[in-house]
Structures are given as structure tokens and as C-alpha cells.
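Q: Please take a close look at one helix of this protein chain. I should like to see it set within the chain as a whole, in a single connected account.

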Amino acid sequence: MDVWSIFDPILKAILYIASFGSVGGVLFNFQFGKQLIPEQQIYCSYLTHKSTLLGAVTAVLMILSLAGNLGGDLASVIDPLMLQLAIESMAGVGYSTAFAGFVIMLIVKNLSANSKIFWSIIGSIGILFSFTMSGHSQSGGVITQVLLVLHLFGIAFWLGGLLPFRWICMQPDTSNLGVLAHRFGVLAAGYVGLLLSAGVVYAYLLLEDLSLIFITQYGNLLLIKILLVGTLLSLAALNKFKLVPLLEIESSKAVRRFQISVQFEIVLALLILTASSLLTTSMTLPITG
């Protein structure tokens, strides 16, 4: 078996996790920073920094993996010619752009508040835009690229809040958890609408024929991803309409149930990102005719 058929999906999944952790962390801090107590702010900043660092390293590894794919063996990852070809390819430019975005996000930690916001936005845009520079989104031109960025933006907000909420549930002071969860649910309605609408149109433009979901390998994996997203949405709805109202009265039982629900969401999110990595690294779009 080709080692890259195993290595590439794993790296791509890690890149997704790091990207959504980094960009999602920025969004979470920007929109909820004023409601967070100091300990929570420190943790969220730490989580964002670690995600960004992981993303920068993974982006470099993806470029090395491209070189290995081009050369066909492990020695190619350090071959100057293969590395040059990898960097100059569309995928290489995308990973280089992601790396630049992560580096910007790492640097802004030491800037003033206003500069930090501006450069965090620039870095986030670079990271999300990098996913449009190669792969299936290229087939539909600018429209599919814009749709993909909007889809990823919505995902980043949603997934970027999961680990902070899980951590807050495990702390002695959960007095602001109800307020945070309620505000997150209100904002999530818009973000989820964005990611779903953009994702549906994006998938339709790529496949052109929706029956391909049922009769092709690519479509079958996409269908599994859709079912996982539906399950994740159901859990989110349970949180919003049943558990969050209980959090507002600071019930310890409600906090525990909310934590368990968030942990299930994290598992589902990992499965969804794994499916996404396989779709973009191991599957080819079905040919319509």
C-alpha cells in the first residue's frame, strides 16, 4: 500500500483541526471575551496558540508530503527538486498560504489590542482561503471557492467553541456558563445557517447530479458526512432548547449533562473532519455525463 494514501488523510485531518481551533479560537475570543473570567481568557488564548502552532507545523509537513508523493518515496521529502515542484504546485501554494496565515496568528500575540484584531483577521482569512487554492473547489471557479470559505467560516465558529465549553464545564466556577452558552446558541443560528446553505450549494455545484450521492464512493462518503452533521445538529438543538435553559439556574447536574453533550459533539466533529480529509485527499469527484 502506498504510504501516502495513509499519511495524507491523517495530515489533512490534523490541518483541519488546527485551522478550526486557531480561527475558531479567534472568533470565540472576539465574540465572548468580555463575558469570560480571567482564567477562561487565559485558557482560550492558550488553546488558540497551541492550535496555531500545530497548524504551522502541519502545513510544512503537508508540503513535505507533496514532495514525497511527487517522488514516490520517503527520500523525496528532502529532495530539493521535489520540494521546489511541491511548493510551486497549486496545493503547495495553498499550504504555503496556510503556513503564512498561522505564522501571522503566532506573531500577533505580542501586538497591541487593535493591531492584534486586524492581523488575526488577516491570518484567519489566509488560513481559510488556503483550502480553496487546490482540490475540488477549483472545479467550480470563484463561486465554489467563495462558498467553501463561507462554509469553513461557519464551521470554525461552531467547532472553535467546543473545547472552551468542555474546559469551562470542568472548572469550579461555572457561573457564567449559562450566559455564554445562551449567547453562543443565538449566534450559532446564523453561523450554522451559513455553513449549511453554503455547504449544500457547494456540494450541488460539485456533483451536479444528486443521485451520485447514492451510487458513487465519493457520494457515499459525502452522505455519511451529511448524516454525521445531522446528528451533530440534533445534539446542538438539544443543548440550545433543553440544556442551556437549565444552565441558567446553575444546576450542577445540568453542567454535567452539558459537558457530556459537548464531548459527544467533539467526537462527531472529529469523525466529520476525518470524512472531509478523505473526500479531499483520497477521493475523486465522480464524472457526470
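A: In this predicted model, the protein chain has a radius of gyration of 20 Å, which agrees with the value near 19 Å that a compact globule of 289 residues would have. Along the principal axes, the C-alpha atoms of the protein chain fill a box of roughly 60 × 50 × 35 Å. Buried residues account for 46% of the 289 residues. Among contacts in the protein chain with a separation of 6 or more, 74% join residues 24 or more positions apart.

The protein chain contains 11 helices and 0 strands, so that its elements, read from the N terminus, run α-α-α-α-α-α-α-α-α-α-α.

The helix chosen here is α5, which covers residues 113-130. Helix α5 has 18 residues, and the distance from its first C-alpha to its last is 26 Å, close to the 26 Å expected at 1.5 Å a residue.

The buried residues of α5 include three serines, Ser 120, Ser 124 and Ser 130. Gly 123 and Gly 126 are also buried, as are Ile 127 and Leu 128. Buried here means that a residue has under 20% relative accessible area. An α-helix has 3.6 residues a turn, so residues three or four places apart point the same way.

As for the outside of the protein chain, its accessible surface comes to about 14300 Å², and 70% of this belongs to carbon and sulfur atoms. The protein chain carries 13 positive and 12 negative charges, whose mean positions lie 16 Å apart.

How values were computed:
Residues are numbered from 1 along each chain as its sequence is written. This is a predicted model: local features need pLDDT of at least 70, side-chain atom pairs count only at pLDDT 80 or more; totals for chains, interfaces and linings use all residues. Side-chain values use heavy atoms; hydrogens and water are left out. Helices (H or I, at least four residues) and strands (E, at least two) are DSSP runs, numbered from the N terminus. The radius of gyration is taken over C-alpha atoms; the globule rule is 2.2 Å times the number of residues to the power 0.38. Buried means under 20% relative accessible area, exposed over 50%, partly exposed in between (1.4 Å probe, protein chains only). Contact means heavy atoms within 4.5 Å. Accessible areas come from the Shrake-Rupley method with a 1.4 Å probe; for residues, only the protein chains shown count as cover. Lys and Arg count as positive and Asp and Glu as negative; His and the chain ends are not counted. The place of a charge is taken as NZ of Lys, CZ of Arg, CG of Asp or CD of Glu. The expected span of a helix is 1.5 Å times one less than its number of residues.
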